[in-house]
Amino acid sequence: QVQLVESGGGLVQAGGSLRVSCVASGSIFRINYMGWYRQAPGKQREGVAGITSGGSTNYADSVKGRFTISRDNAKNTVYLQMNSLKPEDTAVYYCNAETVSVARVTQSTWGQGTQVTVSS
């Protein structure tokens, strides 16, 4: 079983920065993909950024140039550096990982989420 634990959310003023982190633990042989998603009140969950095991990244158009995703494979950790934050970035941010277990079983796991609030 795999667990994801996010941290680093909080309250910040518009224009400020935050970094959220997500650590994966459990029966992990390899992590193929790690991504960040967010869900604002009354809206559907949307993809924010993702990164492969090789370091290839992708971003939602709304965060390009402001957010940077990175990962530390040795620590099974993914980070999301968020700069120039806007009130519309306010949401619960969720981490997702596609992992391969020691038994070579592939699964997708979600974290519990961390709240990011940007005040105007």
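**Ask-the-tutor: how the labels are earned**

Tutor: Let's start with Ile28, which sits in the loop between β3 and β4 (30–39). Keep in mind that we're looking at a predicted model.

Student: Why does Ile28 count as buried?

Tutor: Its relative accessibility is 17%. The cut-off for buried is under 20%, so Ile28 gets that label.

Student: And what does Ile28 touch, leaving aside neighbours within four places in sequence?

Tutor: Val2, Asn76, Val100 and Val102. There's a long-range pairing here too: Ile28 and Thr99 are 71 residues apart in sequence, yet 6.4 Å apart in space, C-alpha to C-alpha.

Student: Asn76 turned up in that list. Where does Asn76 lie?

Tutor: Asn76 is in the loop between β7 (67–72) and β8.

Student: What makes Asn76 partly exposed?

Tutor: The relative accessible area of Asn76 is 24%. Buried needs under 20% and exposed needs over 50%, so Asn76 lands in between and is partly exposed.

Student: What is worth flagging about the phi of Asn76?

Tutor: The phi of Asn76 is positive, about 50°, although Asn76 is not a glycine. Most residues other than glycine have a negative phi. Ser84 is another non-glycine with a positive phi of about 50°.

Student: Where is Ser84, then, and why is Ser84 called partly exposed?

Tutor: Ser84 belongs to the loop between β8 and β9. At 40% relative accessibility, Ser84 is above the buried limit of 20% and below the exposed limit of 50%, so it is partly exposed.

Student: Asp89 is found in that loop as well. How do you know whether Asp89 is buried or exposed?

Tutor: Its relative accessibility is 0%. Buried means under 20%, so Asp89 is buried.

Student: Which residues does Asp89 contact, beyond neighbours within four places?

Tutor: Arg38, Arg66, Phe67, Ser84, Val116 and Val118. Each of those has heavy atoms within 4.5 Å of Asp89.

Student: On to the cysteines. How do you know that Cys22 and Cys95 form a disulfide?

Tutor: Their sulfur atoms are 2.2 Å apart. The limit is within 2.5 Å, so the pair qualifies as a disulfide. The pair links distant parts of the chain, with Cys22 in strand β3 (residues 18–26), Cys95 in strand β9 (residues 91–100), and their positions 73 residues apart.

Student: How many disulfides does a search of the whole structure find?

Tutor: The search finds 1.

Student: And what decides its handedness?

Tutor: The torsion about the S-S bond of Cys22 and Cys95 is about -80°, so the disulfide is left-handed. Cys22 and Cys95 are both buried.

Student: Val20 is in strand β3 too. What makes Val20 buried?

Tutor: Val20 has 0% relative accessibility. That is under 20%, so Val20 is buried. Its contacts, apart from residues up to four places away, include Trp36, Tyr79, Leu80, Met82 and Val116. Thr52, 32 residues from Val20 in sequence, is 18 Å from it in space, C-alpha to C-alpha.

Student: What about Thr117: where is it, and why is it called partly exposed?

Tutor: Thr117 is in strand β11 (residues 114–119). Its relative accessible area is 28%. This falls between the 20% and 50% limits, so Thr117 is partly exposed. Not counting residues up to four places away, Thr117 touches Gly10, Leu11, Val12 and Thr90. Thr117 and Ser53 are 29 Å apart in space, C-alpha to C-alpha, and 64 residues apart in sequence.

Student: Zooming out, how many helices and strands does the chain have?

Tutor: 0 helices and 11 strands. Read along the sequence, the pattern is β-β-β-β-β-β-β-β-β-β-β.

Student: How do you know that the radius of gyration agrees with a compact globule?

Tutor: A compact globule of 120 residues would have a radius of gyration near 14 Å, and the chain has 14 Å, so the two agree. The C-alpha trace spans about 50 × 25 × 20 Å along its principal axes.

Student: What share of the 120 residues is buried, and how much area is exposed?

Tutor: Buried residues make up 42%. The chain exposes about 6100 Å², and carbon and sulfur atoms supply 47% of that. As for contacts between residues at least 6 apart in sequence, 55% join residues at least 24 apart.

Terms used
Residues are numbered from 1 along each chain as its sequence is written. This is a predicted model: local features need pLDDT of at least 70, side-chain atom pairs count only at pLDDT 80 or more; totals for chains, interfaces and linings use all residues. Side-chain values use heavy atoms; hydrogens and water are left out. Helices (H or I, at least four residues) and strands (E, at least two) are DSSP runs, numbered from the N terminus. The radius of gyration is taken over C-alpha atoms; the globule rule is 2.2 Å times the number of residues to the power 0.38. Buried means under 20% relative accessible area, exposed over 50%, partly exposed in between (1.4 Å probe, protein chains only). Accessible areas come from the Shrake-Rupley method with a 1.4 Å probe; for residues, only the protein chains shown count as cover.
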